[in-house]
Structures are given as structure tokens and as C-alpha cells.
Amino acid sequence: MKKKVFITQKLPGNIEALLTKHGFITYTFNKERSITKKELIKGAKDADALICLLSDKIDKEVIDNLNKCKIIANYAVGYNNIDVQYAKSKNIIVTNTPDVLTDATADVAVALILACARRFNEANKMMRQKKFKGWKPDLLLGYDIKDKTVGIIGAGRIGTEVASRMKAFKTNIIYYSRSRNIEIENVIGAKKVSLDYLLKNSDIISIHVPLTEKTYHLLNREKLRFLKENAIIVNTSRGEVIEEKFLIELLKKKKVFSAGFDVYENEPNINPELLKLDNVFLLPHIGSATVETRTKMAELVAKNVIAVLNGKNPLTPV
Ligand code: NAP
Ligand code: GLV
Ligand code: GLV
């Protein structure tokens with residue numbers, strides 16, 4: 001009997017054709033909306049492989065209903081949506097999509113930094129509301145990036161690429177991370193510091209830690225109070241790393257300069273207070289959203305599934 005691959009949403013590219021070529025049968029949940037837990041369990045219960053999105057919560061209940069599954073292949077590098085330990089305890093391999101999305105996501109972090117420093121939210125709003133009355137010496141003054149201190153929280157793949165891009169803007173780079181990163185130190189000249197030092201001394205902060213029990217609300221009320229008054233903070237990792245309501249308070253009181261968000265605490269729900277603020281730039285979780293990157297992610301997901309269902313090692317296990 002042919003092995004079955006269940007895909008929780010149509011992905012860019014045509015991995016169904018690739019999987020079919022390798023002798024598998026695919027079922028794709030093909031609706032505009034996200035799959036519900038009930039639908040996911042129904043579709044995946046007799047599947048040999050599950051391909052899922054970062055918005056699909058693969059918890060104990062779902063895993064307990066995967067009767068034949070050998071691999072859960074996440075279409076994302078972050079895998080906080082999956083109970084990995086529990087999956088492993090059931091001999092299910094979990095894979096993610098590292099590296100192929102690093103540059104695209106780093107580009108978005110830098111775009112948010114520039115958008116915040118140069119007040120693009122207010123500027124774009126002014127144009128759309130037809131309020132631009134001509135060049136003025138004091139129109140929407142932001143601040144220079146050059147010579148500022150950039151703090152990278154989580155110097156992994158994406159954090160390192162953001163540091164490298166920001167170095168080209170002639171900034172000083174410091175970083176806080178679990179392990180020492182020799183590349184970022186030697187090639188980029190970044191210095192490893194404590195989290196408190198980073199928060200107190202950075203003009204620009206970019207967050208790149210994964211969401212784990214240890215990084216949940218890493219930037220809580222106490223830590224956020226360390227931010228400088230001119231600070232720009234940008235988050236392209238996971239919303240839950242910041243205790244969002246306290247950052248919103250600081251933004252409201254202008255105790256920080258600006259914040260750029262690609263991710264939010266309760267996605268896809270957005271705190272309505274955020275929408276009222278001028279000093280934020282908001283994106284709908286599009287860090288990896290380019291045609292090339294999303295296609296490569298889909299290919300990597302398919303390759304992981306093909307390897308595991310053929311009894312080989314996965315390319316990118318977590
Ligand atoms: P990565 O290479 O694993 O980098 C994460 C870094 O964070 C690593 O250096 C890691 O340290 C460090 N870290 C882990 N736990 C930590 C802790 N408790 N305290 C301090 N540092 C810690 O991952 P990546 O590929 O750069 O991706 C990072 C995250 O970005 C993903 O997990 C995902 O959530 C997010 N992301 C978002 C988008 C988007 O669309 N916005 C796109 C891609 C990724 P070690 O070196 O010791 O492991
Ligand atoms: C996107 O957020 C990812 O983790 O790939
Ligand atoms: C601005 O447009 C300038 O020429 O300085």
C-alpha cells in the first residue's frame with residue numbers, strides 16, 4: 001500500500017508532484033482558512049507523514065491520534081508549535097526548515113529597523129491621507145543608523161545575518177545569546193554581553209531567539225524598563241518573547257522611540273492598542289515570505305519526508 005502524506009495547507013511549488021513521483025499519495029487540506037484541530041486529526045490519523053504549518057498546534061492530543069506517523073515536517077524553522085519531546089517519545093521524527101529562510105528573514109528585520117528609525121509608518125500614512133504639503137526642514141525627523149549600537153538577542157543563523165547587514169550601516173554590534181558565536185565576533189566584530197547590558201546600551205535591538213520555556217517573556221516588564229529612550233526594538237522571532245502589553249505601555253508614553261513587529265503574542269489577533277500607535281511598524285508575519293524562500297522551504301519539507309519514509313535520516317531534524 002502507498003504511504004500517505006497529509007499536508008495541512010497548499011504550499012508554494014508543487015511538492016505533491018515530487019512526493020507522488022516518489023511513490024507516495026498526498027492529501028492536502030485545500031481551503032483558504034487554517035485547518036481546525038478536528039480536521040487535522042481526521043486527516044492525519046492514518047498518515048505516514050504530516051506536513052504542518054507554524055500555526056498548527058501539534059500537541060499531545062494530536063500526536064496521540066497519529067497512528068502511523070513517522071515524521072512531522074514543520075514548514076518553518078521555529079517549532080514551538082510542536083510538542084517535540086512528546087513526538088520523540090512516540091518515535092516520531094520532527095523536522096524544520098533552517099538556513100533556506102535565513103536571508104529573507106534577516107532582510108525583514110533590517111527593513112523594520114529602517115522603517116522605525118525613519119518613521120515610515122507615519123510617512124506612509126501622511127501620503128495616503130494626502131497630507132503632504134511639500135518639503136520641510138523638520139518634516140518627520142527620524143534618526144541616523146550610523147554609529148549607533150545594535151543589540152542582537154539570539155545570535156544564531158538569522159541573528160548573525162542581521163548583524164552582518166547592520167555592520168554595513170556602520171554600526172557597533174553587541175549580542176546576547178546562549179552560546180558564544182565566534183563568527184559574529186571575529187568577522188563582524190560583535191561583542192558578547194549580558195542581556196541587561198544589551199538592553200541598557202543598545203539604540204537598536206533585534207530579537208532572534210526561538211520561543212522556548214526559557215525565552216517566553218524574556219523581555220518582561222522588568223527588562224523592558226532598561227530600554228533607552230531612543231530605543232528601537234524589532235521582533236521577527238516569536239511574539240511571546242516580549243511581554244507585549246508592557247512594550248505597548250512604553251511606546252504609548254514615548255519611553256522608547258519605536259518598535260517594529262513581524263510577530264505578535266496572540267497571532268493572528270493583534271492587541272488593538274498597537275493599531276492606535278504611530279511609533280510602530282506592523283507586518284503580518286512575513287519574515288520568510290518570498291517566492292524563492294517559500295519554494296525552497298517546501299522542497300526541504302518534501303525532502304525530509306522522502307528521506308524518512310524511505311528509512312533514511314532526515315536532512316534537518318530538530
Ligand atoms: P537559530 O539559528 O537556532 O538561532 C537562535 C539563537 O538563539 C541561537 O544562537 C541560540 O543559541 C539562541 N538561544 C536559544 N535559546 C536561548 C536562550 N534561552 N537565551 C539566549 N539565547 C538563546 O534559529 P534561527 O534560524 O536564527 O531562527 C530564530 C527564530 O526566528 C526561529 O526560532 C523562529 O521562531 C524565528 N523566525 C521567524 C520568522 C518570521 O517569519 N518572522 C522566520 C524565520 C524564523 P545556541 O546557539 O546555543 O543554540
Ligand atoms: C517562521 O516564523 C519560521 O519559524 O519559519
Ligand atoms: C533633499 O532632497 C536634498 O536634496 O537634500
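## A guided tour, starting at helix α7

Start by selecting helix α7 and colouring its buried residues: I158, G159, T160, V162, A163, R165 and M166. Bear in mind as you look around that this is a predicted model.

Next, show what surrounds that helix. The buried residues of α7 pack against two other helices, α5 (102-117) and α8 (182-186), and against the strands β6 (149-153), β7 (172-176) and β9 (204-207).

**Stop 1: a charged pair within α7**

Show the side chains of R165 and E161 as sticks. They meet in a salt bridge, with N and O 2.7 Å apart. Why does this pair fit the helix? R165 and E161 are four residues apart in α7 (residues 157-167), so about one helical turn separates them. An α-helix has 3.6 residues a turn, so residues three or four places apart point the same way.

Are the two partners buried or exposed? R165 counts as buried, because its relative accessibility of 19% falls under the 20% cut-off. E161, at 23%, is partly exposed. Now add D103 and D107 to the selection: salt bridges that share partners join D103, D107, E161 and R165 into one network.

**Stop 2: just past the helix**

Move on to A168, in the loop between α7 and β7. With a relative accessibility of 61%, A168 counts as exposed. Then select K146 as well and draw a distance between the two C-alpha atoms. It should read 9.2 Å, for residues that are 22 apart in sequence.

**Stop 3: K60 and D83**

Jump now to K60 and D83, whose side chains form another salt bridge, 3.1 Å from N to O. Which parts of the chain does this pair tie together? K60 lies in helix α3 (residues 60-64), while D83 sits in the loop between β4 (71-74) and α4 (84-89), so the bridge connects parts 23 residues apart in sequence. Switch on a surface and look at both ends: K60 is partly exposed at 44% relative accessible area, and D83 is also partly exposed, at 22%.

**Stop 4: D64 and K90**

Stay with α3 and select D64 together with K90. The closest N and O atoms of this salt bridge are 3.6 Å apart. D64 belongs to helix α3 and K90 to the loop between α4 and β5 (93-95), so 26 residues of sequence separate the linked parts. D64 is partly exposed, with a relative accessible area of 41%, and K90 is partly exposed with a value of 41%. The whole structure holds 18 salt bridges, if you would like to keep hunting.

**Stop 5: the two domains**

Finally, zoom out and colour by domain. Domain 1 covers 4-99 + 291-309, and domain 2 covers 102-282. Their C-alpha centres lie 32 Å apart. Seven residues from domain 1 and five residues from domain 2 take part in the contact.

How much area is buried between domain 1 and domain 2? The figure is about 590 Å², with carbon and sulfur atoms giving 46% of that. On the domain 1 side, the touching residues are three nonpolar, three polar and one charged.

What holds polar groups together across this interface? Two residue pairs are in polar contact there, both at pLDDT 80 or more, while the count of salt bridges between domain 1 and domain 2 is zero.

Terms used
Residues numbered from 1 in each chain as written. Chains lettered and ligands numbered in written order. Predicted model: local features only at pLDDT ≥ 70, side-chain atom pairs only at ≥ 80, totals over all residues. Heavy atoms only, no water. Domains from an automatic or database assignment. Contact = heavy atoms within 4.5 Å. Buried area = accessible area lost by both parts, 1.4 Å probe. Salt bridge = Lys/Arg side-chain N within 4 Å of Asp/Glu carboxyl O. Polar contact = N/O pair within 3.5 Å; in protein donor to acceptor, adjacent residues only side chain to side chain. Nonpolar A, V, L, I, M, F, W, Y, C, P; charged D, E, K, R; others polar. Buried < 20%, exposed > 50% of the residue type's maximum accessible area, 1.4 Å probe, protein only.
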